[in-house]
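This report describes selected side-chain environments, salt bridges and internal space in a predicted model. The sequence and structure are shown first.

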Amino acid sequence: MQLQVSARSNLGGIVLNCGGLLVDSGWLRIFGSPGGADTESLPGLAEINVMPSTFDPAWRPGAGLVVAHDVLGGVFALNGVDSRAAGRPGEPGEIIYFAPDSLGWEALGAGHSTWLSWVLSGGLQEFYGSLRWDGWRSEVSMLNGRQGLSFFPPLWSAEARQDLPATSRRAVPMAELMGLSRDSCLQFGGAEPGFLGAT
């Protein structure tokens, strides 16, 4: 296995034993093994992180390993050994989050196992409280594993912050959503967000 982590760890167990986890009707997608060649299914951790197809002992996930995406275009990543050089907050091995409403990375103060326990015990409800709207669950459940929601006005805008339910939303490929985040970072913040996962 390219990851070189124990199957007894939560990360290793998910990758070895399942195609991934869809949490909160698919709001959060935690990557596991590939689900097959279906172009609408949840991509695997190897695909998202562009891992080599055969074991390569020299391969490293760069700034960090992308472990999950949310439907807003948010990215959860496990920090690499040199996160500071990559311009990312937090310590090596810490989960960080790229927030599409602030166009920046945030350290979450937890490793992968603690983060996963928090996710599965209902932590997302408070975390995303101001970014959810009436009827979000039915809207999100209609998306496939490679789609997210594009907002207009964008989530980082003052208009969206003032009245999120009044924004218009449409399903788009995650690749498009990640591209929009990257372009917005460069246009408004001047900072390249780094690797957000291949989609």
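## Environment of Asn-79

Is Asn-79 buried or exposed? Its relative accessible area is 6%, and because the limit for a buried residue is under 20%, Asn-79 is classed as buried. The residue belongs to strand 4, which spans residues 75–79.

The side chain of Asn-79 has two backbone oxygens within reach: a polar atom of this side chain lies 2.8 Å from the oxygen of Pro-89, and the side chain reaches that of Glu-91 at 3.2 Å. Leaving aside residues up to four places away in sequence, Asn-79 touches, among others, Ala-63, Gly-64, Arg-88, Gly-90 and Ile-96.

## Salt bridges

The model contains five salt bridges. One of them joins the side chains of Arg-132 and Asp-24, at 2.9 Å from N to O. These partners are 108 residues apart, Arg-132 in the loop between helix 3 and helix 4 and Asp-24 in the loop between strand 1 and strand 2. Arg-132 is buried at 15% relative accessible area, whereas Asp-24 is partly exposed at 24%.

A salt bridge also forms between Glu-139 and Arg-169, at 2.8 Å from N to O. Glu-139 lies in helix 4 and Arg-169 in strand 8, 30 residues apart. Glu-139 is partly exposed at 26%, as is Arg-169 at 24%.

## Internal cavity

A search of the whole structure yields one cavity of 30 Å³ or more. The largest cavity encloses about 40 Å³. Its lining includes Arg-29, Phe-31, His-69, Met-174 and Thr-199, and the lining residues comprise five nonpolar, three polar and two charged.

Conventions:
Residues numbered from 1 in each chain as written. Predicted model: local features only at pLDDT ≥ 70, side-chain atom pairs only at ≥ 80, totals over all residues. Heavy atoms only, no water. Helix = DSSP H or I, 4+ residues; strand = E, 2+ residues; numbered from the N terminus. Buried < 20%, exposed > 50% of the residue type's maximum accessible area, 1.4 Å probe, protein only. Polar contact = N/O pair within 3.5 Å; in protein donor to acceptor, adjacent residues only side chain to side chain. Contact = heavy atoms within 4.5 Å. 1 Å grid on protein atoms, 1.4 Å probe; cavity = no way out; pocket = protein on both sides within 12 Å on 5 of 7 lines; lining within 4 Å. Points joined across faces, edges and corners; volume = space filled by probe spheres on them. Nonpolar A, V, L, I, M, F, W, Y, C, P; charged D, E, K, R; others polar. Salt bridge = Lys/Arg side-chain N within 4 Å of Asp/Glu carboxyl O.
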